[in-house]
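Me: I'm new to reading protein models. Could we go through one together, a question at a time?

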Amino acid sequence: MPASPSELPVWRELSTHRVESAVTSMRELFDRNPRRGAELSVECDGVVLDYSKNVITDRTLSLLMRLARDCDLAAGIDAMFAGARINTTEDRPVLHTALRTPASESVLLDGVDVVRSVHEVLERMSDLADAIRSGRWCGATGRPVRTVVNIGIGGSDLGPAMAYHALREFAHATVEARFISNVDGHDIDRVLGDLDPETTLFIVSSKTFTTIETLTNARTARRWLVDRLGENAVGKHFVAVSTNAREVAVFGIDPANMFEFWDWVGGRYSLPSAIGLSLMIVIGPEQFRELLAGAHSIDRHFRTAAFEENLPVLLGLLGIWHRNFCGAQAFAVLPYDQRLALLPAYLQQLDMESNGKSVDRHGRAIGVDTAPILWGAPGTNGQHAFFQMLHQGTTLVPSDFIGVLEPTHAHRAHHDLLMANLFAQTRALAFGDLGSPGEGPPHRSFPGDRPSNTILLPRLSPYTLGQLIALYEHKVFVQGWIWGVNSFDQWGVELGKKLATSIHDDLESDRAPGLDSSTNALIMRYRHARQSVTAGRPTATTNEMI
Ligand code: F6P
């Protein structure tokens, strides 16, 4: 492999092609081929991707396919599914796909079938979920659990929180989930405020069980419980999800109440592991297995479908086209379904923590742009906020519009309007002002040629949510592989963690902090405020005080 994908001849051909095709408009492309919409759409197991509203031609597609081949994408996919140690900086395999592999199949890692371990843990999770849902698992005072509180952050929070929000219609009638992630004490206060300790089960979710935010929240929750029900209640009100049995025991959770996962599951890929326990308890083991089945369906598709028909490959390559050849710095995810409101935040971690890198798998500077800024919000709300910039701003923001064909509510008029808006937006972005282009005043001119994909799900269910998750996971893999990055480490977050620990000491100390003048002043200002609060005085914030 070359030091950078930009050294491949096909990369240069793509650059030249971009210059040559820059004058082509979306209108022209659609006029030229009346069947473009159908021809540039693919379907896999009910999921439809229409990628026709991108300024791409047959040549663009064939060059992108060549790029994938010249980067040995097929070998990369095989390596991941086979458990090769492609997470090189951590010397780990990447096998989140094994989490949704059916029990009848096997995935061997160092001669051991990891699928067996996966299903053993799934069985234990199901037993706990069934016991809680049936009221058999009781708290210390004999009352059934009504609320499960997941304490975790990053991948140990975003997945279950997003999926719970999406799948609330599948929730048990009397068992709800809540999520505490931020070390900001307002977060835990908000969650614990009206909770009854007797009917609450805490799930401390942390791959490493060393994450300071999670441990701080878990200790506070433990104190809250012990203050109300006594020390002996902990066993009935705390379980853990982790790869680190030793630290779980140190925290004081019985290893019998720990649900294991493995270092070959990255945090941001861990929803289908025991990290999904809170979700499983609320939607039930059967529905949780549906989510796994949906993800597995896309895994199979990703592994076996020709690149031209392969949804994650197409999404990944189109993203590379926009990012590396059209200069897009950002990428928007726009679910036209309120239940998917947390999807953009979930995908932010998936995409930006995976591919927000500047060096390749061999430690060399990559030399091309990697992960774009991913953001988004549900439609139609976004239309009344930031869509102005999508239509007429100076920044190119390619976007994925996600729609669900069948709603579960009975408000047909609402759904018709919602979907009409989705279709209208992608059309306006693509074609601009179709009436009399260029004739109105400049402020009413809509240039068009703003690319978007439309992804349609038949309905929103655990199965289709599993599909959607796997679709984006593999899209991220495709891009990471082509850019040459290790999509499965996250060293970039380490520095901030280390600095926070030393500044935390500075906040409590009397010594002058020996940092830069800005941080020193901010720390001093905080110390004064802290002293005033402790002394019950109003907070002084003048410069003289510091
Ligand atoms: O923020 C970095 C990170 O390591 C994420 O990758 C991870 O999802 C999150 O922290 C939480 O880590 P853990 O599950 O080990 O508490």
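**Aromatic rings and a helix pair**

F251 is buried in this predicted model, with a relative accessible area of 12%.

Me: Is F209 buried or exposed?

Reply: Happy to help! The cut-off for buried is under 20% relative accessible area. F209 has a relative accessible area of 1%, so F209 is buried.

Me: How are the rings of F209 and F251 arranged as an aromatic pair?

Reply: Good one to try. Their centres are 6.1 Å apart, with 75° between the planes. Planes over 60 degrees apart count as edge-to-face, so the pair F209 and F251 is edge-to-face.

Me: How many residues apart in sequence are the parts that this pair ties together?

Reply: F209 sits in the loop between strand 7 (200-205) and helix 9 (212-229). F251 belongs to helix 11 (residues 245-251). The pair therefore ties together parts that are 42 residues apart in sequence.

Me: What kind of pair do F477 and W481 form?

Reply: Both residues lie in helix 18, four residues apart, about one turn of the helix. Their ring centres are 5.8 Å apart and the planes are at 20°. Planes under 30 degrees apart count as stacked, so the pair is stacked.

Me: Helix 15 and helix 18 pack together: at what angle, and how is their arrangement described?

Reply: Helix 15 (residues 343-355) and helix 18 (residues 462-483) have their axes 10 Å apart and pack at an angle of about 25°. Angles under 35 degrees count as roughly parallel. That makes helix 15, relative to helix 18, roughly parallel.

Notes: Residues are numbered from 1 along each chain as its sequence is written. This is a predicted model: local features need pLDDT of at least 70, side-chain atom pairs count only at pLDDT 80 or more; totals for chains, interfaces and linings use all residues. Side-chain values use heavy atoms; hydrogens and water are left out. Axes are lines fitted to C-alpha atoms, for helices over the stretch in contact, and angles run from 0 to 180 degrees between N-to-C directions. Helices (H or I, at least four residues) and strands (E, at least two) are DSSP runs, numbered from the N terminus. Angles under 35 degrees count as roughly parallel, over 145 as roughly antiparallel, 65 to 115 as roughly perpendicular and the rest as oblique. Rings of Phe, Tyr and Trp (its six-membered ring) pair if their centres lie within 6.5 Å; planes under 30 degrees apart count as stacked, over 60 as edge-to-face and the rest as tilted. Buried means under 20% relative accessible area, exposed over 50%, partly exposed in between (1.4 Å probe, protein chains only).
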